[in-house]
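Please read the points below alongside the model. They are set out by topic.

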Number of protein chains: 2
Amino acid sequence: MPPNIRDVARAASVSITTVSHALNGKGRVSEETRQRVLRAADELGYTANVHARGLVTGRALTLAVQISGFGRQTFVPGSAYFTELLNGAYAMALDLGYVLVLIPSAAEADLNRMPADGALVVDPTGHEALMELMRASGAPVVTTGRVPSNEQLSDGWVDNDHPAAAHAALEHLRQRGYVRPALLTTARELSYSLDAQEAYARWAGERGQEPIVGTIEGELDVDEAAEVTASLLRREPAPDALYSTNDAAALGALRAVRAAGLSVPGDVGIVGEMDTEALRLADPPLTAIDVMPAQLGREAVGLLVGLVEGDDVARRRIVVETELIPRTSSAGPATPA
Amino acid sequence: MPPNIRDVARAASVSITTVSHALNGKGRVSEETRQRVLRAADELGYTANVHARGLVTGRALTLAVQISGFGRQTFVPGSAYFTELLNGAYAMALDLGYVLVLIPSAAEADLNRMPADGALVVDPTGHEALMELMRASGAPVVTTGRVPSNEQLSDGWVDNDHPAAAHAALEHLRQRGYVRPALLTTARELSYSLDAQEAYARWAGERGQEPIVGTIEGELDVDEAAEVTASLLRREPAPDALYSTNDAAALGALRAVRAAGLSVPGDVGIVGEMDTEALRLADPPLTAIDVMPAQLGREAVGLLVGLVEGDDVARRRIVVETELIPRTSSAGPATPA
DNA sequence: GCGCTCCGCCAAAACGCTTTGGCACCATGC
DNA sequence: GCATGGTGCCAAAGCGTTTTGGCGGAGCGC
């Protein structure tokens with residue numbers, strides 16, 4: 001029912017070959033003919049049938065996206081970090097003529113049904129079945145965050161400079177007058193967490209301070225984070241500030257501090273990584289590092305499409321800048337040390 | 001590179017016609033041959049090429065999803081309501097062999113590039129270009145929430161019984177001892193909001209109480225909601241309870257109440273619709289009505305696929321039950337009236 | 001033994017596009 | 001006048017399926 005290439009050819013009085021060439025800028029077509037074809041196509045409202053094109057080019061114009069670490073039924077995790085990243089990725093994909101298909105973690109079986117030209121894995125651990133599958137079919141894989149222990153497993157990555165971000169957060173706390181910041185992070189093997197741990201250890205080492213690290217073993221959610229924070233606060237000496245690598249963890253930390261009868265920022269300062277609305281709306285508003293998830297998504301898809309289309313991609317490792325946004329939660333201790 | 005139907009035919013010593021028939025249960029194939037073909041396909045890891053199939057069947061195995069009322073760049077809104085709905089929809093789509101493609105509001109142009117067999121519109125106003133486009137191509141449209149003023153614009157809908165939910169919320173507040181509940185809702189023409197307004201008006205009318213309605217004109221976010229709530233609280237007589245039709249609105253209401261120097265639930269009770277983690281984590285935790293977004297998504301996709309595949313769909317209007325979850329925010333006034 | 005129906009299978013067409021190879025024409029250089 | 005090269009266009013092959021129409025053989029009733 002929709003017009004096909006033959007209709008356009010007829011309307012422009014040329015062959016279908018010429019239509020295809022004119023529309024795709026491929027063969028040799030005179031400028032005059034090209035204009036005539038474009039006009040005819042436009043008038044008829046012609047768009048090339050995706051399947052016919054895909055059949056002959058072997059390209060699906062589809063990218064698989066997997067957000068690692070959630071269940072079989074979770075395609076879009078609730079955290080604003082992921083929705084923003086997805087929005088950026090989706091927008092870029094649409095711009096480039098691609099479509100994104102979300103694949104839940106641990107759902108490799110269904111993958112065969114939907115061919116993708118490449119894959120984007122968010123927060124990889126390296127154990128994702130999707131990555132194997134794509135490699136096997138020769139399709140490129142890009143990650144946001146690096147694959148811990150083996151960067152070569154992906155064909156490129158986009159990441160923040162997490163060591164620098166951690167350093168900035170710790171320096172911020174120090175300048176505001178806090179003297180014993182703890183690190184609160186996840187036990188999952190994620191590059192951002194490992195980066196933060198390393199940067200924290202170095203920072204503490206340089207100052208001859210004993211590191212205080214809280215590790216969230218289970219689900220990376222507010223409840224677990226609160227529990228871990230509570231145990232940190234029971235230490236002797238207790239930390240007077242918390243740097244968390246994740247938004248939910250920062251919220252959990254806040255809850256635990258208040259539950260312990262302490263005040264933020266008077267008794268304990270808090271800085272979180274991954275700025276989201278929930279941190280802004282918290283009481284008090286939480287200082288956070290904006291890691292620009294939307295831009296991570298955009299860049300990752302841009303890189304991935306470049307690899308898919310066989311461009312000679314110059315930068316396969318893209319670093320996205322971060323920005324510390326000071327809010328009340330790190331205003332400084334009530335009684336400076 | 002991946003095996004095609006010819007490879008399977010060769011391996012099973014039959015024609016490609018027979019392979020197709022055996023795999024799709026279409027023509028006449030003896031049980032023995034069918035088994036042989038299935039085994040061969042399995043061993044080779046054969047899956048029919050999506051494009052070739054789509055080309056001949058004219059089916060894309062793709063459904064368009066649009067969440068109405070957000071910008072061009074927003075594919076997945078941050079609210080947990082939408083992510084949960086999407087997760088349900090995605091899971092069901094995958095089960096049925098379909099793929100979901102998100103279309104941002106106001107992006108009709110890009111639509112032609114990606115053919116879809118049907119569309120799901122979340123929270124329709126009736127002015128979505130996507131709906132026109134799908135109708136024009138003869139593809140079915142299903143909505144979650146009804147199209148206000150013209151239900152016929154969609155081929156089916158899935159919705160909660162919002163009038164009943166509103167009634168339940170108001171009764172809950174009354175039983176807990178609140179006597180003058182206000183309604184806080186959006187000015188956008190959405191069926192759930194209109195339902196709530198009507199139910200609220202009836203409930204107030206039956207009790208001879210003057211209705212108090214706060215309408216959020218701008219963005220449906222926490223800040224706007226707080227502002228509207230603040231003005232509600234300045235009324236004379238002021239409401240002693242708030243029923244909001246949306247999770248962000250409930251959070252905004254809470255903030256405004258506390259900013260006004262009043263306590264929740266002592267001075268003002270709050271019940272929100274759309275239960276999300278943010279309401280559970282709020283201080284105090286907010287009573288809310290769980291509207292089962294994941295189930296809405298599942299049912300909507302199920303219905304849509306039924307329509308796409310031309311099944312004789314029995315129920316084109318599906319109502320999903322809701323559940324009120326009492327929390328501290330509606331525990332009852334400090335000084336009962 | 002003959003005609004009929006049903007069964008199991010297959011050849012070939014069609015879906016709409018891209019791409020290869022080539023043909024006719026014209027201009028250029030010798 | 002003849003090879004050479006470039007330009008503008010096209011016919012046809014091919015991508016991997018589904019589906020139509022048909023063909024031989026077996027079983028059945030008479």
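1. Helix α6 of chain A, residues 129-136, has A:Leu130, A:Met131 and A:Met134 as its buried residues. These three span an arc of only 100° around the axis, which places them on the same side of α6(A). The model is a predicted one, and local features are described here only where pLDDT is at least 70.

2. The cover over the buried residues of α6(A) includes four strands of chain A: β1 (62-67), β2 (99-103), β3 (118-122) and β4 (141-144). After α6(A) comes A:Gly138, which has a positive phi, near 80°.

3. How is chain A related to chain B? A turn of 180° with a shift of 0.0 Å along the axis lays chain A on chain B with an RMSD of 0.2 Å. This is the relation of a two-fold axis. Among the residues of chain A, A:His51 comes closest to the rotation axis, its C-alpha lying at 2.3 Å.

4. The interface follows the pairing of the copies: 100% of the interface residues of chain A are also interface residues in chain B, so the two copies meet through the same surface.

5. DNA strand D is surrounded by 27 residues, and the closest are A:Thr17, B:Ile5, B:Ser20, B:Asn49 and B:Ala52. The elements giving two or more residues to the surface near the strand are α2 (16-24) and α4 (50-57) of chain A, along with α2 (16-24) and α4 (50-57) of chain B.

6. By residue class, the surface near DNA strand D consists of 14 polar, 10 nonpolar and 3 charged residues.

Technical notes. Residues are numbered from 1 along each chain as its sequence is written. Chains are lettered from A and ligands numbered from 1 in the order in which they are written. This is a predicted model: local features need pLDDT of at least 70, side-chain atom pairs count only at pLDDT 80 or more; totals for chains, interfaces and linings use all residues. A residue is near a molecule or strand if its C-beta atom, placed from the backbone, lies within 6 Å of it. Ala, Val, Leu, Ile, Met, Phe, Trp, Tyr, Cys and Pro count as nonpolar, Asp, Glu, Lys and Arg as charged, and the others, Gly among them, as polar. A residue is buried if 20 or more other C-beta atoms lie within 10 Å of its own, exposed if 12 or fewer, and partly exposed in between; C-beta atoms are placed from the backbone. The arc is that of the directions from the helix axis to the C-beta atoms. Two residues are in contact if their C-beta atoms, placed from the backbone, lie within 7 Å. Copies are superposed by least squares on the C-alpha atoms of residues with pLDDT of at least 70 in both.
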